[in-house]
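Here are my notes on the empty space in this model and on the helix packing beside it. They are set out as numbered points.

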Amino acid sequence: ELKLLYVSPERINNDRFYEFLRSIDLSFFAIDEAHCVSMWGNDFRSDYVELKKLKSEFPDIPVLALTATADAATREDIVKQLAIPESKLFLGSFERHNIYLRSMPAKDRVKYITRFIFNQQQGSGIIYCLSRKGTESMAAKLQAAGINAGFYHAGMNRDDRSRVQRNFQNDQLQVICATIAFGMGIDKPNIRFVVHYNMPKNIESYYQEIGRAGRDGYESATVLFSNYNDYLQLKSFIDASEASATFKQVQNAKLDRMWEYASSYECRTNFILNYFGEYRQKPCGRCDNCKQPPRKFDGTVIAQKALSAVARSGQQFSMDLIVNTLRGSGSREVIQRGLNKIKTYGAGRDLAYLDWKSYITQLINQGALMVDFSQQNAIKLTPFSKEILKAQQKVELVEFTLD
């Protein structure tokens, strides 16, 4: 008696398998990790796109698409790619109230992680590393410090991977050092911390990975280490891939947002909520920037100039073009687009190019602006923008420095 059939997209996209599906009594199709259907998602897989055949082959069977991490562009594309335009959207909050967020420069990482683990009174932890070699090296260093640690990566044989995962699941291993090959299907309730030894490639991946902590509802901690070398290495992976130019452009934009998150001065919870379109400005009170806030100044006038430039240019241009417009640039692209004729052209000549980049990034982080990946990274207004433009909402910014 068949109650639930769990199958990969690679298997289901087969004519013989469709024949088998026609022979059984189907209730509905549930498509998990549905962000994989979209180029705007964090883990695009071509076989997911073929799942749109389900609606044409079985038009009377309901389709349910599920994902924990999809921004607005991805959600719209899921509906389009799966051919379910009349579907209802059920959107829960992305906020995780029991997880503490911290981001740090990649300096003295092993020393900090070792001390951090010893300070954990109970529970297990995952340390994500970028390379297979990195997982083995990290595990060896923790073992040398007296910590019960193991490693996991796709280069291990199947039996060893199963043994390590089983030992971690059964609390025989306290810490596992792993690549992103480890995590899918992990539902261990007492993971108290997730550490990223290297920066992930996008916010969706990062948020999925830290979501493995605190599933029992108790307080849990995350630590993200990052440096510019991580950024450059991840960028080189994207640029060297055989993907389309559009796909590379989207993934590079998402990588930029991940780097901006890692170096953000704003509430990190709000940064993530704003990224997924759940706009909020009230600080969460449980991230490093909320606990130890940087010194800020009243940046309302700067914000109004930036928002006005975005509005008057039609919300269709990238950050570079907006900055060049504010600074009164005479570049060919500014002139060709007619941006030298809008009222805010040259309104920000008093600030340097990098200053404007920093302040507009901060406004995006605060939810006052957004990046539309599906429209060539166009900067657009958000529900908060009108309040700022009408001087009903004060904006605080952190002064840009090259430190």
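1. A cavity here is a set of grid points where a 1.4 Å probe fits but cannot get out. The model is a predicted one, and by this rule it holds one cavity of 30 Å³ or more.

2. The largest cavity encloses about 50 Å³ of space. Its lining is made of R96, I99, L101, Y207, T269, I272 and R286. By class, that lining has four nonpolar residues, one polar and two charged. Two elements, β3 and α12, each give at least two residues to the lining of this cavity.

3. The largest pocket is a separate entry, with a volume of about 1,300 Å³. It is lined by 41 residues, of which W259, E260, S263, S264 and T361 are the closest to its centre. The lining of this pocket splits into 16 nonpolar, 16 polar and nine charged residues.

4. Which element gives the largest share of the lining of the largest pocket? Helix α11 does, with eight residues. The elements that each supply at least two residues to this lining are β3 (99–105), α10 (228–240), α11 (245–262), α13 (288–291), α15 (319–326) and α17 (353–365). Strand β3 thus appears in the lining of the pocket and also in that of the largest cavity.

5. Two of the helices that line the pocket, α15 and α17, also pack on each other. Their axes come within 10 Å and cross at roughly 125°, which makes α15 oblique to α17. The crossing is right-handed. On the α15 side the contact consists of M319, D320, I322, V323, N324 and L326, and on the α17 side of Y353, W356, K357, I360, T361 and I364. Eight of these contact residues are nonpolar, two are polar and two are charged. T361 of α17, part of this contact, is also among the residues closest to the centre of the largest pocket.

6. Helix α9 (residues 203–210) packs against α12 (residues 268–275) at an angle of about 120°, with the axes 11 Å apart. The two helices are therefore oblique to each other, and their crossing is left-handed. From α9, the residues I203, E204, Y206 and Y207 meet F271, I272 and Y275 of α12. This contact has six nonpolar residues, no polar ones and one charged residue. Y207 and I272, both in the contact, also line the largest cavity.

7. The packing of α9 against α11 has an angle of about 55° and axes 8 Å apart. Here too the helices are therefore oblique to each other. I203, E204 and Y206 of α9 make the contact with K254, R257, M258 and Y261 of α11. Four of the residues in this contact are nonpolar, none is polar and three are charged.

8. Read together, the two contacts of α9 share part of their residues. I203, E204 and Y206 meet α12, and I203, E204 and Y206 also take part in the contact with α11. Y207 is listed in the contact with α12.

Definitions and conventions. Residues are numbered from 1 along each chain as its sequence is written. This is a predicted model: local features need pLDDT of at least 70, side-chain atom pairs count only at pLDDT 80 or more; totals for chains, interfaces and linings use all residues. Side-chain values use heavy atoms; hydrogens and water are left out. On a 1 Å grid over the protein atoms alone, a cavity is a set of points where a 1.4 Å probe fits but cannot get out, and a pocket is an open set with protein on both sides within 12 Å along at least five of seven lines; lining residues have an atom within 4 Å of a point. Grid points are joined across faces, edges and corners, and a volume is the space filled by probe spheres set on the points. Helices (H or I, at least four residues) and strands (E, at least two) are DSSP runs, numbered from the N terminus. Ala, Val, Leu, Ile, Met, Phe, Trp, Tyr, Cys and Pro count as nonpolar, Asp, Glu, Lys and Arg as charged, and the others, Gly among them, as polar. Axes are lines fitted to C-alpha atoms, for helices over the stretch in contact, and angles run from 0 to 180 degrees between N-to-C directions. Angles under 35 degrees count as roughly parallel, over 145 as roughly antiparallel, 65 to 115 as roughly perpendicular and the rest as oblique. A crossing is left-handed if the near helix is turned anticlockwise from the far one by less than a right angle, and right-handed if clockwise. Contact means heavy atoms within 4.5 Å.
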